[in-house]
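Me: I'm new to this structure and would like a close look at one part of it. Could you walk me through the salt bridges?

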Amino acid sequence: MLREIITITGKPGLFKMIGHGNRRIIVEDINSHKRFPALERDKIISLGDIAMYTTGDEKPLGEVLDVVYAKNDGKEVDVKKLVEEGKLREAFGEVLPDFDNDRVHDSDIKKLFSWYNLLLASGMTKFTKDPEAEKEDEAEAAEK
């Protein structure tokens, strides 16, 4: 689900991969729907490749976003208010109680909540595939 949503270092927002050309990827801003090329020199990271540090294994970003969605009843997170009240880590602790306090920085938590708000504004409400859909995708890929 998050595999086609990317972040580009130095550019605000999140983008969806639309296509690719010679040494570039065509991306579309998920909210404004403006398209532009991301060049090979840009650092591009798929949200599907990101995980949060925990005291045990790393937790995939999609699973964390699903928990944020459930904890907030599908509403946006007021990041600014959390930062002003000094409750950013406390709010994240409710989402991911076993997060690694040393390796997860406040900026990471702010970015996670900001991405959640952007994805929610673009209409996404499910951030991971259900196991049945994954099995169907794998079976379809095996047939090809």
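Reply: Here's a stroll through some of the charged pairs, one at a time. Keep in mind that this is a predicted model.

A search of the whole structure turns up six salt bridges, and we'll visit some of them. The general idea is simple: side chains of opposite charge can pair when their charged atoms come close.

Let's begin with Arg89 and Asp106, whose side chains meet in a salt bridge at 2.9 Å, N to O. Arg89 sits in helix 3 (residues 88–95) and Asp106 in helix 4 (residues 106–121), so this pair ties together parts that are 17 residues apart in sequence. As for how open they are, Arg89 is partly exposed, with a relative accessible area of 27%, and Asp106 also counts as partly exposed, at 39%.

Next up are Arg35 and Glu28, which meet through their side chains in a salt bridge of 3.1 Å, N to O. Here the two partners sit on opposite sides of the scale: Arg35 has 54% relative accessibility, so it counts as exposed because the cut-off is over 50%. Glu28, in contrast, has a relative accessible area of 13%, so it is buried, the limit being under 20%.

Last on this tour is Arg103, which forms a salt bridge with Asp100; their closest N and O atoms are 3.1 Å apart. Arg103 is partly exposed, with a relative accessible area of 41%, while Asp100 counts as buried at 15% relative accessibility. So in this pair, a buried Asp100 meets a partly exposed Arg103.

Technical notes:
Residues numbered from 1 in each chain as written. Predicted model: local features only at pLDDT ≥ 70, side-chain atom pairs only at ≥ 80, totals over all residues. Heavy atoms only, no water. Salt bridge = Lys/Arg side-chain N within 4 Å of Asp/Glu carboxyl O. Buried < 20%, exposed > 50% of the residue type's maximum accessible area, 1.4 Å probe, protein only. Helix = DSSP H or I, 4+ residues; strand = E, 2+ residues; numbered from the N terminus.
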